[in-house]
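Visitor: Could you walk me through this structure, one question at a time?
Guide: Gladly, let's look at it together.

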Amino acid sequence: MNLYYDLEFLENGRTIELISIGMVCDDGREYYAVNRDMPVRRIRKHKWLMENVVPGLPKGHGDQRIHMPKRWLFHYADHRVKPRKVIADEVMNFIRAAGSDVELWANYGAYDHVCLAQLWGRMIDLPEGVPMFTRDIQQERARLGLAWNDLPQQETGEHNALADARHNQTVRRWLAERTQK
Ligand SMILES: [Mg+2]
């Protein structure tokens, strides 16, 4: 079973901190959550994140949207906004439900894998049933001798973690069709 994911995060060359996570499983399940414990002050000072990632975070529905304070980067009452500890539990269960042969897939996934694994602490703390590595769409692309521009392009929602995870599924499936020929 393949499980595709994408994380948005703040990294400074030393630490990688979760902003949001999106996961899509080949059994049809999807998961999206935003870390309410994200380092908001430092994110606010990060121009690229403010321009590319923050606009895709939940802003609430209906009245919530109208009344959301301008200083908030996301709506704290949105049901997708959760403490990091809750996200860790839910992500663990989401991955385990894919079965013992689950493969994790991401795009340029090295940082994503570390940020994912650190949901549970140290490397040695990785829960049973969570793979110890992530397969990379870029490695598969290179192995097949393709350029990035040869692949299906993402049409909407780039840098929204769930939209990116869905696109990873699209690209991986496209690559798999080429492999089988
Ligand atoms: Mg992304």
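What follows is a set of questions and answers about this predicted model.

Visitor: Let's begin with the metal. Which residues coordinate the magnesium ion?
Guide: Along the chain, the donors follow the spacing D-x1-E-x155-D. They sit at 2.0 to 2.1 Å from the magnesium ion, through OD and OE atoms. The residues are Asp6, Glu8 and Asp164.

Visitor: How many residues apart in sequence are Asp6 and Asp164?
Guide: Asp6 is buried, and Asp164 is buried too. Asp6 belongs to strand 1, while Asp164 belongs to helix 7 (residues 161–180). The pair therefore ties together parts of the chain whose separation in sequence is 158 residues.

Visitor: On to the aromatic rings. How many aromatic pairs are there, and is the pair of Phe9 and Tyr111 stacked or edge-to-face?
Guide: The count comes to four aromatic pairs. For Phe9 and Tyr111, the ring centres are 6.2 Å apart and the planes differ by 20 degrees. Planes under 30 degrees apart count as stacked, so this pair is stacked.

Visitor: Which elements does that pair link?
Guide: Phe9 and Tyr111 are 102 residues apart, so to speak at distant parts of the chain. Tyr111 is partly exposed, with a relative accessible area of 42%. The elements linked are strand 1 (residues 2–11), which holds Phe9, and helix 5 (residues 110–117), which holds Tyr111.

Visitor: How are the rings of Tyr31 and Phe94 arranged?
Guide: Tyr31 in strand 3 (residues 30–35) and Phe94 in helix 4 (residues 84–96) are 63 residues apart, and both are buried. Their ring centres lie 6.0 Å apart, with the planes at 45 degrees. That angle is neither under 30 nor over 60 degrees, so the pair is tilted.

Visitor: Which residue lies over the face of Phe94?
Guide: Phe94 is buried and pairs with Tyr31. At 4.1 Å from the centre of the Phe94 ring, there is a further partner over its face. That residue is Arg29.

Visitor: Which element supplies the largest share of the largest nonpolar core?
Guide: This core has 28 residues, and those touching the most other members are Leu3, Ile21, Met23, Val91, Ile95, Leu116 and Trp120. At least two residues each come from strand 1, strand 2 (16–25), strand 3, helix 4, strand 5 (103–106) and helix 5. The largest share, six residues, comes from helix 4.

Visitor: Which residues does Val91 contact, leaving aside neighbours within four places in sequence?
Guide: Val91 is one of the core residues that touch the most other members. Its contacts beyond those neighbours are Ile21, Met23, Tyr31, Leu116, Leu119 and Trp120.

Visitor: Which elements do the buried residues of helix 5 pack against?
Guide: The buried residues of helix 5 are Asp112, His113, Cys115, Leu116 and Ala117. Leu116 is also among the residues of the largest core that touch the most other members. The buried residues of helix 5 pack against strand 1, strand 2, helix 4 and strand 5.

Visitor: Now the charged side chains. In the salt bridge of Glu90 and Lys82, is Lys82 buried or exposed?
Guide: The two side chains meet at 2.8 Å, N to O. Glu90 is partly exposed, with a relative accessible area of 28%. Lys82 has 17% relative accessibility, and the cut-off for buried is under 20%, so Lys82 counts as buried.

Visitor: How far along the helix are Asp89 and Lys85 separated?
Guide: Asp89 and Lys85 form a salt bridge, with the closest N and O atoms 3.3 Å apart. Asp89 is partly exposed at 34% relative accessible area, while Lys85 is exposed at 56%. Because they are four residues apart in helix 4, their separation is about one helical turn.

Visitor: How many salt bridges does the structure hold?
Guide: One of them joins Arg122 and Asp125 at 3.0 Å, N to O. Arg122 is exposed at 57% relative accessible area, and Asp125 is partly exposed at 30%. There is also a network linking Glu140, Arg143 and Arg172, and the structure's salt bridges number 13.

Key
Residues numbered from 1 in each chain as written. Predicted model: local features only at pLDDT ≥ 70, side-chain atom pairs only at ≥ 80, totals over all residues. Heavy atoms only, no water. Phe/Tyr/Trp six-rings, centres within 6.5 Å; stacked < 30°, edge-to-face > 60°. Buried < 20%, exposed > 50% of the residue type's maximum accessible area, 1.4 Å probe, protein only. Lys NZ or Arg CZ within 6 Å of the ring centre and 35° of its normal. Core = buried A, V, L, I, M, F, W, Y, C linked by side-chain atoms within 4.5 Å. Contact = heavy atoms within 4.5 Å. Salt bridge = Lys/Arg side-chain N within 4 Å of Asp/Glu carboxyl O. Donors = N, O, S within 2.8 Å, 3.2 Å for Na, K, Ca; no water.
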